[in-house]
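User: I am new to this structure and should be grateful for a close look at a single part of it. Please present the model before turning to the part itself.

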Amino acid sequence: MIAVLFAISVIVFVIFNVIPNSDPALRIAGKNADAQLIENVNEEWGFNDPLPVQYATMMKKVFTGDLKSYQSQLNVDEQILDGIPVTLSLCIGAAVIWMSFAILFGYLSAVKAGRFTDRSLTILALIGISMPVFWLAAMLLYYLSFKVTLFPTGDYVSLAESPLDWAYHLILPWFTLAVLFIGFYSRVLRSNMLDSMNEDYVRTARAKGLSERQVRIRHVLRNSLIPIVTLFGLDFGAVVGGGAILTETVYNLQGVGAYAGEAIGTLDLPPLMAVTMFGAFFIVFFNTLVDILYAYLDPRIRLA
Amino acid sequence: MAPPLLQVKDLRVRFVTEDGTVRAVDGVSFDLRQGEVLAIVGESGCGKSVTAQTLLGLTRSPNARIEGSVRYADRELITASDEELRAIRGEEMAMVFQDPMTSLNPVYKVGDQITEQILAHSNVSEHVALEEAVRLLRAVGIPDAERRAGDYPHEYSGGMRQRAMIAMALSLEPKILIADEPSTALDVTIQAQILRLLELLNRDRGLAMIMITHDLGVVAEVADRVLVMYAGRIVESGTLDEVFYDPQHPYTWGLLGSLTRIDQPHAEALAQISGQPPSMLALPEGCHFQPRCPHRFERCMEVPALIERDREGSGHSDRCWLDPDRKRELRQMGDRIGLEVPAA
């Protein structure tokens, strides 16, 4: 885990330093800065140090919480911490929605394989996968919040303030974020289930005289969920770690993703670095969690 | 004589596939009596497993066409609803499958998988069901059954898994046990143990069994009666002695000739049946075995009926046009029963 985080941070740092027009001193010094001012800034912020030293300083600051944005000069870690409740609200809600619908749709699709329900769900899933998030978000906003004022146009109300308002404001973002995953996961689950249906133990289950429903849920679905959990660990880690950039930006949710989006726009290294580390941490973290969960789901990999 | 427990009449199973219709089972009939062990033998793909699974409706699918009659007690199983079948599965007729490695669900404890079947059919508490599962595991010879019931299938050896499958099959005291190649996937010593166990169950509980196998050694050990199947049809049926010592169909000769037997002189080389079993999509005309049969003649292009040709009323029937006396001359090759001894 440490090694993964280290590698990721080095890569981001190097990329940032080789892309053109990213000289941070120019930005900090302002538009009409003269050479002396830029030199002062370079000196003050340590941009004259060799890259490995700069890297070490930056990483130290990430972990001690002293890192400041080049752009706004605000403390990066604090900004991220501020964004976490928003991002978590968005992601957890979306994850509940996407897992529920994906399992429901995947199950129905597999059970009705080849029939009308399956074909309709297949088409829906493909539409869901193909729709760009920003487009979907804009459409939902336009039709459901602007034309018909069913939902608010964004913003975030904290859970502590009013749970009802919190959910009400988040419904559209939740669905926007979930749609892609519902489509994708339901397809994966469908094919997993169709594979499992031919397994010998499913035949055994039928021969035992279980009802078709019991066979499908206890034997087919149960075994098909194992790969889905793996996917979920990766994807959930990614969206929590700032992967929901588009959704957060369109709905004006000041989460980690929106913060990262802003930083990309202004080529602001420290926030990017911190968000990347934060995201990588979550992906690795959820992967580890999934590995642990795996042992529960699949006893074959449990350690003796 | 008491009426048979299970009566199968003219069972036909066809599967519609993209390449054409597969006649997996073509007019199979047999009776099974209380306490009897019936062996169905034949090569892979001859329809024996499909026959067995169809008895319990396990081959039902949108592309399967199933005709004929399977009567169990007073019930017709071919036309029975899924719900009616469900009540029979496990409770009246139970099944043990070929590969114990894949027949148990890897994510549930062995004890729970047995319990699941008990709970599906009777109104007992989970606790009582689990006790019953442990008792069953002990009965089929799982050591330390209490602890092992809480193990997962991958913690069992192959033989133990097959024992667990048998324990599961016995959990509701069925009248009929269908064993689909129960010992094929196991080591020889374990095979013998499993067969011994099945024999014991048959003797002590009067459990009727249908044993699907391609291993004639297994047949010789446990069967009362034998059905020989070839390409979806029964080609010979009779008691164990009749089929083993007075085989009527050249295919049966071939099967027996390819077996090493300690009660017969040792052959230079084992007989073999030349050629390949036919594709189920393009079956030969007439007797399905005729293209591989060295004794075929014109009549073989017509399908022979399954009748008692040798001795009427014996129950020993076959599907071969050859005259029984002629057969007796033909089948003795170098003091052995065999189709053809390949030139050394």
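The request below concerns one strand and its surroundings.

User: Which strands does β10(B) pair with, in the antiparallel sense? Please set the answer within the sheet and the chains around it.

Analyst: This is a predicted model, in which local features need pLDDT of at least 70, side-chain atom pairs count only at pLDDT 80 or more, and totals for chains, interfaces and linings use all residues. Residues are numbered from 1 along each chain as its sequence is written, while chains are lettered from A and ligands numbered from 1 in the order in which they are written.

The confidence comes first. The model scores ipTM 0.84 and pTM 0.81. Chain B averages a pLDDT (the predictor's confidence in each residue, from 0 to 100) of 86, and 93% of its residues score at least 70. Within chain B, confidence is highest in strand β3 (residues 37–41), at 94, and lowest in strand β13 (residues 336–337), at a mean of 60. Where pLDDT is low, the predicted coordinates should not be read in detail.

Strands and helices are named here from DSSP runs, numbered from the N terminus: helices are H or I runs of at least four residues, and strands are E runs of at least two. Two strands pair if DSSP finds at least two bridges between them.

The setting of β10(B) is an open sheet of seven strands in chain B, with mixed pairing and the order β6-β7-β8-β3-β9-β10-β11. At the edges stand β6 (93–96) and β11 (317–318) of chain B; each has a single partner strand, so one side of each is left without a neighbour in the sheet. Strand β10 itself, residues 233–239 of chain B, therefore sits between β9 and β11 in that order.

On one side, β10(B) runs antiparallel to strand β9 (residues 225–230) of chain B, and six bridges join the two. Arg225(B) stands opposite Thr239(B) in β10(B), and Leu227(B) has Ser237(B) of β10(B) as its bridge partner. The two strands form a hairpin with two residues between them, and Ala231(B) in the turn has a positive phi of about 50 degrees.

On the other side, β10(B) and β11(B) pair in the antiparallel sense over two bridges. Here Ser237(B) appears again, standing opposite Ser317(B) in β11(B). Ser237(B) is thus placed opposite Leu227(B) and also opposite Ser317(B).

β10(B) is mostly covered, with six of its seven residues buried. A residue counts as buried if 20 or more other C-beta atoms lie within 10 Å of its own, as exposed if 12 or fewer do, and as partly exposed in between, the C-beta atoms being placed from the backbone. Helix α11 (residues 250–257) of chain B is also mostly covered: eight of its eight residues are buried, including Tyr251(B), Trp253(B) and Leu255(B).

Elsewhere in the sheet, helix α7 (residues 158–170) of chain B lies across β6 and β7 (176–180) of chain B, running at about 175 degrees to β6(B). For that angle, axes are lines fitted to C-alpha atoms, for helices over the stretch in contact, and angles run from 0 to 180 degrees between N-to-C directions.

A residue in another helix offers a contrast in setting. Asn202(B) is found in helix α8 (residues 188–205) of chain B. With 19 other C-beta atoms within 10 Å, Asn202(B) is partly exposed. Leaving aside its neighbours within four places in sequence, Asn202(B) is in contact (C-beta atoms, placed from the backbone, within 7 Å) with Gly35(B), Val37(B), Leu207(B) and Met209(B).

Chain B also meets chain A. In this contact, 19 residues of chain A touch 23 residues of chain B. The elements giving two or more residues to the chain A side are α9 (200–207) and α10 (212–243) of chain A, and the largest share, six residues, comes from α9(A). That side divides into five nonpolar, five polar and nine charged residues; Ala, Val, Leu, Ile, Met, Phe, Trp, Tyr, Cys and Pro count as nonpolar, Asp, Glu, Lys and Arg as charged, and the others, Gly among them, as polar.

Chain A itself has 13 helices and zero strands. Its C-alpha trace spans about 85 × 55 × 35 Å along its principal axes, and buried residues make up 36% of its 304 residues.

Methods. Contact = placed C-beta atoms within 7 Å.
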